[in-house]
Amino acid sequence: MSYDFFSMNTICENAVLHHRLFYCVSELFRVPGNHKRPQLSRPAQLLHELGMPSSLSGYRFLEFAMITLAEQPHLLKNLDRGLYPMIAEKFNSTKERVEKNIRCAIERAWLRGNPTLIREIFGYSVNPDQGRPSNAEFLCAVCDYLNR
């Protein structure tokens, strides 16, 4: 074997051919519609429409809380001893952090979110002069809206 057999041109040409072959095979076996985004759960979709950023920890906590409250609505009566510890255990956190992150996520959505949807969900149940709803008010109104 000579040195020019392993020249950069040959290696580059082989790499290009390999890439083209891989692309053709992957296109051949590609499932149609596989490029679509995964479907969001109904609570996640509502939080997204409200304008809550999914990067916040409170977003994930609220999504889990809404799913849990749909199955166990009695947890809404006592968030501090029922729901928050359950969320904290699930996400390896504390109930104080869960409460704070949910409060901050609600504040963010309330200030920068979709005002039309906020008005539709909360109506006149929350006084705009007082600011954002409490965590319990928010969860109650959003769960009620999802059950309509």
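Reader: At roughly what angle do the axes of helix α2 and helix α6 cross in this predicted model?
Author: The model is predicted. Helix α2 covers residues 42-50, and helix α6 covers residues 115-122. Their axes come within 8 Å. The crossing angle is roughly 125°.

Reader: Which word describes the orientation of α2 to α6?
Author: The axes cross at roughly 125°. Angles of 65 to 115 degrees count as roughly perpendicular, and those over 145 as roughly antiparallel. The crossing fits neither class, so α2 relative to α6 is oblique.

Reader: Which residues of α6 meet α2?
Author: On the α2 side, the residues are L46, E49 and L50. Their partners in α6 are L117, I118 and I121.

Reader: How many residues in the contact of α2 with α6 are nonpolar?
Author: Leu and Ile count as nonpolar, and Glu counts as charged. The contact of α2 with α6 has one charged residue and no polar ones. The nonpolar residues number five.

Reader: How many helices and strands does the protein chain have?
Author: From the N terminus on, the elements run α-α-α-α-α-α-α. The count is seven helices and zero strands.

Reader: What share of the 148 residues in the protein chain is buried?
Author: Buried means under 20% relative accessible area. Across the 148 residues of the protein chain, the buried share is 29%.

Reader: What part of the accessible surface belongs to carbon and sulfur atoms?
Author: The accessible surface of the protein chain comes to about 10700 Å². Carbon and sulfur atoms hold 55%.

Reader: What share of the contacts with a separation of 6 or more joins residues 24 or more positions apart?
Author: Here the base is the set of contacts in the protein chain with a separation of 6 or more. Residues 24 or more positions apart account for 58%.

Reader: Is T68 buried or exposed?
Author: T68 is found in helix α3, residues 57-71. Its relative accessibility is 5%. The cut-off for burial is under 20%, so T68 counts as buried.

Reader: Which residues does T68 contact, leaving aside neighbours within four places in sequence?
Author: Contact means heavy atoms within 4.5 Å. With those neighbours left aside, T68 is in contact with L75, L83 and M86.

Reader: How many salt bridges does a search of the whole structure find, and which residue pairs with R103?
Author: Side chains of opposite charge can pair when their charged atoms come close. The search finds two salt bridges. In one of them, the closest N and O atoms are 3.0 Å apart, and R103 pairs with E99.

Reader: Where do R103 and E99 lie?
Author: R103 is partly exposed at 30% relative accessible area. E99 is partly exposed at 24%. The two are four residues apart, about one turn of the helix, and both lie in helix α5, residues 95-112.

Reader: How many residues apart are E107 and R132?
Author: Their side chains meet in a salt bridge, at 3.3 Å from N to O. This pair links distant parts of the chain: E107 is in helix α5, R132 in the loop between α6 and α7, and they are 25 residues apart.

Reader: What is the relative accessible area of R132?
Author: E107 is partly exposed, at 31%. R132 is also partly exposed. The value for R132 is 22%.

Reader: What distance separates the C-alpha atoms of N78 and A136?
Author: N78 sits in the loop between α3 and α4. At 34% relative accessibility, N78 counts as partly exposed. N78 and A136 are 58 residues apart along the chain, and their C-alpha atoms are separated by 9.0 Å.

How values were computed
Residues are numbered from 1 along each chain as its sequence is written. This is a predicted model: local features need pLDDT of at least 70, side-chain atom pairs count only at pLDDT 80 or more; totals for chains, interfaces and linings use all residues. Side-chain values use heavy atoms; hydrogens and water are left out. Buried means under 20% relative accessible area, exposed over 50%, partly exposed in between (1.4 Å probe, protein chains only). Accessible areas come from the Shrake-Rupley method with a 1.4 Å probe; for residues, only the protein chains shown count as cover. Axes are lines fitted to C-alpha atoms, for helices over the stretch in contact, and angles run from 0 to 180 degrees between N-to-C directions. Angles under 35 degrees count as roughly parallel, over 145 as roughly antiparallel, 65 to 115 as roughly perpendicular and the rest as oblique. A salt bridge is a side-chain nitrogen of Lys or Arg within 4 Å of a carboxyl oxygen of Asp or Glu.
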